[in-house]
Amino acid sequence: MPNLLAGKNALVLGVANRWSLAYAIAAAFVREGASLTLTYQGDRQRQTVEELAANLKASKVVSCDVTKPEELENLVSGLKESAPRLDVMVHSIAYANREDLSRAFVETSRDGFLLAQEVSAYSLVAVARAVSPLMANGGSILTLTYLGSTRVVQNYNVMGVAKASLEACVRYLASDLGMHGIRVNAISAGPVKTASARGIKDFSKVLEGVASIAPLRRNTDPAEVGDAAVFLASDLSRGVTGNILYVDSGFQIMGLGLGA
Ligand code: NAP
């Protein structure tokens, strides 16, 4: 079923490179006819994201560090100029200090804890507040989460706590914004080797473990996350809000797996 997003304007935050989950989502959106705005964080990323945006035929690329309120304001004014109506926003952003993803969780510093919460959870609230007035005809807000929110995954640590917070934010935002026809959902993706994931100690072992235990006996393909995002962004999911959709080869249903 092509063109599920024809006529929709989508904003995607979190494309760092072609391995980013946000890139797979943006590519799936373009395939389905959406017109796209991408953001990048800081000048260091500008050229890379502009090149990726050109590949995707994105109409606009804007600087946006989600911890800087003035950059969010600029983003919204830029969107108002280019596409006054926004239909979809994808938040595919997370950050924690590397040392907090490799040692015991009990060692997490106050600053490290707050940083992970600010970038990985609060930013969804800030971006939703900034862009929801542009969703005059209703809209769909998506974020990316991980099973470490509800289960202990070794070394995921402070990011697991931030994801628990993010998932609670999804529910509260869904409750607030539903009356405006704006839906808020998350995709809980299985582990994928991206730049962020490489920062987690022993991540390769996580990939091996999941592939041996998950019902589908393989890891998640970013394109599967892109296709699930198309569903949540499109009118096919018009009755779905406040939901966490697992795209993880079924791993989250397993209790004890002995592999095969
Ligand atoms: P990624 O390619 O490294 O994407 C993370 C993005 O967050 C990057 O574009 C990064 O920008 C951006 N970011 C960090 N701090 C920011 C800030 N202050 N302002 C704006 N952007 C900021 O890694 P990814 O794996 O695709 O991660 C995307 C999302 O998927 C994250 O929420 C992650 O937790 C989630 N997720 C990932 C997996 C996985 O296994 N990979 C599984 C489940 C969920 P810079 O590169 O410029 O810093």
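The exercises below, each with a worked solution, concern a predicted model.

**Exercise 1. The sheet**

Determine in which order the seven strands stand in the open sheet, and which strands are at its edges.

Solution.
- Step 1. The order of the seven strands is S3-S2-S1-S4-S5-S6-S7, and their pairing is parallel.
- Step 2. The edges are held by S3 and S7; each has a single partner strand, so one side of each has no neighbour in the sheet.
- Step 3. From one strand to the next, the twist averages 20°.

**Exercise 2. Helices on the sheet**

State which strands helix H3 and helix H5 touch.

Solution.
- Step 1. Strand S4, residues 88–91, pairs with S5 in the parallel sense over four bridges. One link here joins histidine 91 to its bridge partner in S5, threonine 143.
- Step 2. Helix H3 (residues 69–82) packs on the sheet and touches strand S1 (9–13), strand S2 (35–40) and S3. The direction of H3 makes about 160° with that of S3.
- Step 3. H5 also packs on the sheet, in contact with S4, S5, S6 and S7. The direction of H5 makes about 170° with that of S5.

**Exercise 3. Strand S6 and its surroundings**

Find out how many of the eight residues of strand S6 are buried, and which strands pair with S6.

Solution.
- Step 1. S6 covers residues 182–189, and eight of its eight residues are buried, so the strand is largely enclosed by the rest of the structure.
- Step 2. In a regular strand, side chains alternate between the two faces of the sheet. In S6, Ile182, Val184, Ala186 and Ser188 point one way, while Arg183, Asn185, Ile187 and Ala189 point the other way. The residues of both sets are all buried.
- Step 3. With strand S5 (residues 139–145), S6 pairs in the parallel sense over seven bridges. Leucine 142 has asparagine 185 of S6 as its bridge partner.
- Step 4. With strand S7 (residues 244–247), S6 pairs in the parallel sense over four bridges. Alanine 189 has valine 247 of S7 as its bridge partner.
- Step 5. S5, helix H5 (residues 157–177) and S6 together make a β-α-β unit, which is right-handed.

**Exercise 4. An aromatic pair**

Count the aromatic pairs, then classify the arrangement of the rings of tyrosine 146 and tyrosine 156.

Solution.
- Step 1. The count comes to one aromatic pair, taking ring centres within 6.5 Å.
- Step 2. The ring centres of tyrosine 146 and tyrosine 156 are 4.8 Å apart and the ring planes stand at 70°. Planes over 60 degrees apart count as edge-to-face, so this pair is edge-to-face.
- Step 3. Tyrosine 146 and tyrosine 156 both lie in the loop between S5 and H5, so the pair ties together parts 10 residues apart in sequence.
- Step 4. Tyrosine 146 and tyrosine 156 are both buried.

**Exercise 5. Positive phi values**

For lysine 57 and aspartate 202, give the phi value, and then decide whether each residue is exposed or partly exposed.

Solution.
- Step 1. Most residues other than glycine have a negative phi.
- Step 2. Lysine 57 has a positive phi, near 55°. Its place is the loop between helix H2 (43–56) and strand S3 (60–63).
- Step 3. The relative accessible area of lysine 57 is 71%, so this residue is exposed.
- Step 4. Aspartate 202 has a positive phi, near 60°. The loop holding aspartate 202 runs between helix H6 (195–198) and helix H7 (203–213).
- Step 5. Aspartate 202 has a relative accessibility of 36%, so this residue counts as partly exposed.

Notes. Residues numbered from 1 in each chain as written. Predicted model: local features only at pLDDT ≥ 70, side-chain atom pairs only at ≥ 80, totals over all residues. Heavy atoms only, no water. Helix = DSSP H or I, 4+ residues; strand = E, 2+ residues; numbered from the N terminus. Buried < 20%, exposed > 50% of the residue type's maximum accessible area, 1.4 Å probe, protein only. Pairing = 2+ DSSP bridges. Right-handed = clockwise from strand over helix to strand, strands pointing away. Phe/Tyr/Trp six-rings, centres within 6.5 Å; stacked < 30°, edge-to-face > 60°. Axes fitted to C-alpha atoms, helices over the stretch in contact; angles between N-to-C directions. Contact = heavy atoms within 4.5 Å.
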